[in-house]
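The following exercises concern a predicted model. Please work through each task with the sequence and the structure at hand before reading its solution.

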Amino acid sequence: MTQMRDLTKAQKGRIFSFMAIALVLLYLILTFAWNVRVQTDQFPYTDSCTMDGADFSPAANLCIAGFNGVLNLINMILSISATWIAATVSLIVWRFIAIQKGSVVTVLEWNIAKYTWLAFIVISLIGCLVLLHFSHLTFCTFLISLPILLLWLLGVLPLQKNHMKYQDATSDI
């Protein structure tokens with residue numbers, strides 16, 4: 001904890017803003033996974049559908065099941081898209097505001113970002129799979145993959161790069 005006191009306000013801001021973005025993305029992932037789990041059919045199935053005296057209930061129910069399935073698929077695609085857009089926008093903005101060329105990144109800051117990223121992977125993957133009862137594996141994969149990748153590419157990796165650059169600059173002196 002004494003190491004946190006040694007950090008500047010900019011370094012603390014980078015750490016807490018990165019953690020806040022990771023928490024918001026985790027919230028979105030778990031919320032969308034829960035919404036897919038509890039989604040109900042939009043159109044109820046029919047018990048009787050007669051045309052000219054013949055029972056067309058199975059054909060009508062097949063069409064209703066297909067339409068409900070398409071609506072569920074659209075919901076999943078929109079959930080994935082919303083998560084990807086939120087991750088992309090927030091992390092690109094964070095990257096260009098929080099990490100400048102002259103930013104000094106400490107070991108503590110880089111380690112916190114790295115462990116936040118690892119915790120994000122574990123919690124989002126396990127949480128998504130548990131909420132969906134280990135079904136919809138493709139949906140979980142697409143929902144989680146881009147936020148994990150962007151957290152690494154736009155968060156942890158630039159912090160590591162700046163940390164190594166700062167470390168090399170101080171070792172030359």
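**Exercise 1.** Determine which helix holds isoleucine 97, and whether this residue is buried or exposed.

*Solution.* Step one is to locate the residue: isoleucine 97 belongs to helix α3, which covers residues 57-98. Step two is to apply the cut-off: isoleucine 97 has a relative accessible area of 61%, and exposed means over 50%, so this residue is exposed. Step three is to consider arginine 14: the two residues lie 83 positions apart in sequence, yet their C-alpha atoms are 9.3 Å apart in space.

**Exercise 2.** Compare the end-to-end reach of helix α2 with its expected span, and name some of its buried residues.

*Solution.* Helix α2 comprises residues 9-38, 30 in number. From first C-alpha to last, α2 reaches 43 Å, close to the expected 44 Å. Its buried residues include Arg14, Phe18, Leu25 and Phe32.

**Exercise 3.** Carry out the analysis for helix α4, and describe what follows it.

*Solution.* Helix α4 has 25 residues, 107-131, and reaches 35 Å, close to the 36 Å expected. Among the buried residues of α4 are Trp110, Trp117, Phe120 and Cys128. Just after α4, histidine 133 adopts a positive phi of about 55°.

**Exercise 4.** State how many disulfides the structure contains, and classify cysteine 63 and cysteine 128 as buried or exposed.

*Solution.* A search of the whole structure returns zero disulfides. Cysteine 63 is exposed because its relative accessibility is 56%. Cysteine 128 is buried because its relative accessibility is 0%.

Definitions and conventions: Residues are numbered from 1 along each chain as its sequence is written. This is a predicted model: local features need pLDDT of at least 70, side-chain atom pairs count only at pLDDT 80 or more; totals for chains, interfaces and linings use all residues. Side-chain values use heavy atoms; hydrogens and water are left out. A disulfide is a pair of cysteine sulfur atoms within 2.5 Å. Buried means under 20% relative accessible area, exposed over 50%, partly exposed in between (1.4 Å probe, protein chains only). Helices (H or I, at least four residues) and strands (E, at least two) are DSSP runs, numbered from the N terminus. The expected span of a helix is 1.5 Å times one less than its number of residues.
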